[in-house]
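Me: I'm new to reading protein models. Could you walk me through this one with some questions and answers?

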Amino acid sequence: MVAAETTAGRLGTGGSILVRPGGPLSGAVTLQGAKNSVLKLLAATTLAEGTTTLRNVPAISDVESMGDLLVAMGAEVGRPAEGTLVVRTPADLVPEAPYELVERMRASIVVLGPLVARYGQARVSLPGGDDFGSRPIDLHVRALEHLGASISLVHGVVEARAPRGGLRGAGIVLEFPSVGATENALMAAVLARGTTVIDNAAREPEIADLAAFLNRMGARIVGAGSSTIQVEGVEELSPVEHSLIPDRIEAATFLAAVGVNGGEITLLGARADHMDLVTHKLGQMGMRISPCSEGLWAYSSGKLRSVDISTLPYPGVATDYKPLLVAMLAVADGVGIVTENIFSSGRFRYVDELGRMGAQIRTEGHHAVIRGRERLQGAPVRAHDIRAGAALVVAGLRAEGETEVTEAHHIDRGYERFVDKLRGLGADVERK
Ligand code: UD1
């Protein structure tokens, strides 16, 4: 077993990505495992003593951050082979997530539910605001309170305590189908006494993956992937092996790249059924996309038509696709309106960066109006977050001259070998 520090620092810690326009993209690219799935599965390893093996794990810095958090709590984390992550959870994990680690990655809040369920108490630093508007955790807190936990905020730390005898099953109705709150409730309910029903649950494929993993560990969950999830609590879970679902956001990133650039690519391992609406929208924009035996095939002439798009909880168009779609609309024929319904309007910050490349985008509240143009102009631009960074690289493929996307470490949080994969398709990109 290798300690997690051996994985730390392996990935790029900054730098920038240079992009130049080129000929059509072509070839095949293998998708990584889903970032938004692996982080939750790692949190779920705290539920059972012993060794968990995860496969198809992407080499991204968010996985390192979650690994560091598990190590800080007393687990051992190793990568015995490419794509494989092994977590050894001791019987006596320290159920505390310190600020330095939570601050690095807000998704760490999903350890709260499993920790309080298994250890009867948990202390998790409250994540601060970030680059795209603050993300409250009131729905997480209320869901755990329904299961009997008492929760208080003490000097910036969320302290959760289970009643004597442990959490107990209950009916939980989420005010909004929050992904994180659904996951926290689910990971707490699996060890609660009796039956829990989570209504208005998030339906993302990553939630179904988490439930499949938990069921394999011995949990009794039905309905994950639908709005009503029912959980019969069990006394104990045991560690297992599990292979992650493919990353649909990474898949959409390569679709956007071929969309703006033109070309023909195959996304190996893609799950078309996880991407119905977004591929439908891309079809309306003029791309041809179809499932194939290896995953998903896509073709674009490089000429795109504008469409209007609204983000919604799954199965709606994911908010994470939005920067990519805006980059596509910036070079499409016509005017498109993009409406953000999940996060506060701050998630349009990358629009200013696209504006530096000549994109014609006006934002008003939750809306962005994008007037497409034939080409953008290369410029130095800054990645504010994972998807915004990827979208700027995509935009650079259709920009005259050179685009330099700085603060590329944001991209490393969620994309494994992004530059190598794009180069494999023939794109003129390099890491600086
Ligand atoms: C997850 C994804 C993120 C994606 C998002 C929405 C991970 C690691 N991240 O984030 O990539 O963009 O789902 O699909 O999986 N909210 C509250 N109170 C709460 C919780 C959430 O008001 O207690 C609000 C948030 O501020 C936001 C909305 O609900 O406006 C959606 O958030 P949520 O679904 O919880 O997203 P995350 O789980 O944080």
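**Around the ligand**

Reply: Sure! Sorted by class, the shell around the ligand holds 8 nonpolar, 5 polar and 5 charged residues. Here Ala, Val, Leu, Ile, Met, Phe, Trp, Tyr, Cys and Pro count as nonpolar, Asp, Glu, Lys and Arg as charged, and the others, Gly among them, as polar. Keep in mind that this is a predicted model, where local features need pLDDT of at least 70, side-chain atom pairs count only at pLDDT 80 or more, and totals for chains, interfaces and linings use all residues. Residues are numbered from 1 along each chain as its sequence is written, and side-chain values use heavy atoms, with hydrogens and water left out.

Me: How many residues surround the ligand?

Reply: A residue is near the ligand if one of its heavy atoms lies within 4 Å of it. The closest are Lys-40, Leu-139, Ser-178, Asp-320 and Ile-342. The count of surrounding residues is 18.

Me: Which helix gives the most to the shell around the ligand?

Reply: Helices are DSSP runs (H or I, at least four residues), numbered from the N terminus. H1 (35-44), H5 (138-146) and H6 (179-189) each supply at least two residues of the shell. With 3 residues, the top giver is H5.

Me: How many Å separate a polar side-chain atom of Lys-40 from an oxygen atom of the ligand?

Reply: A polar contact is a pair of N or O atoms within 3.5 Å. For Asn-36, a side-chain N or O atom is 3.1 Å from a ligand oxygen. Gly-180 uses a polar backbone atom, 2.8 Å from an oxygen of the ligand. For the Lys-40 side chain, the distance is 2.7 Å.

Me: Why does the ligand lie between domain 1 and domain 2?

Reply: The domain bounds come from an automatic or database domain assignment, which gives domain 1 (16-32 + 246-431) and domain 2 (35-243). Their C-alpha centres lie 30 Å apart. The ligand lies between them because its shell takes residues from both domain 1 and domain 2.

Me: Is Met-217 buried or exposed?

Reply: Met-217 is in the loop between helix H7 (205-216) and strand S12 (220-222), a strand being a DSSP run of E with at least two residues. Leaving out residues up to four places away in sequence, Met-217 touches Ala-44, Leu-47, Ala-48, Leu-237, Ser-238 and Val-240, where contact means heavy atoms within 4.5 Å. Buried means under 20% relative accessible area, exposed over 50%, partly exposed in between (1.4 Å probe, protein chains only). At 2%, Met-217 is buried.

Terms used. A polar contact is a pair of N or O atoms within 3.5 Å; within protein, one must be able to donate a hydrogen and the other to accept it, and residues adjacent in sequence count only if both atoms are side-chain atoms.
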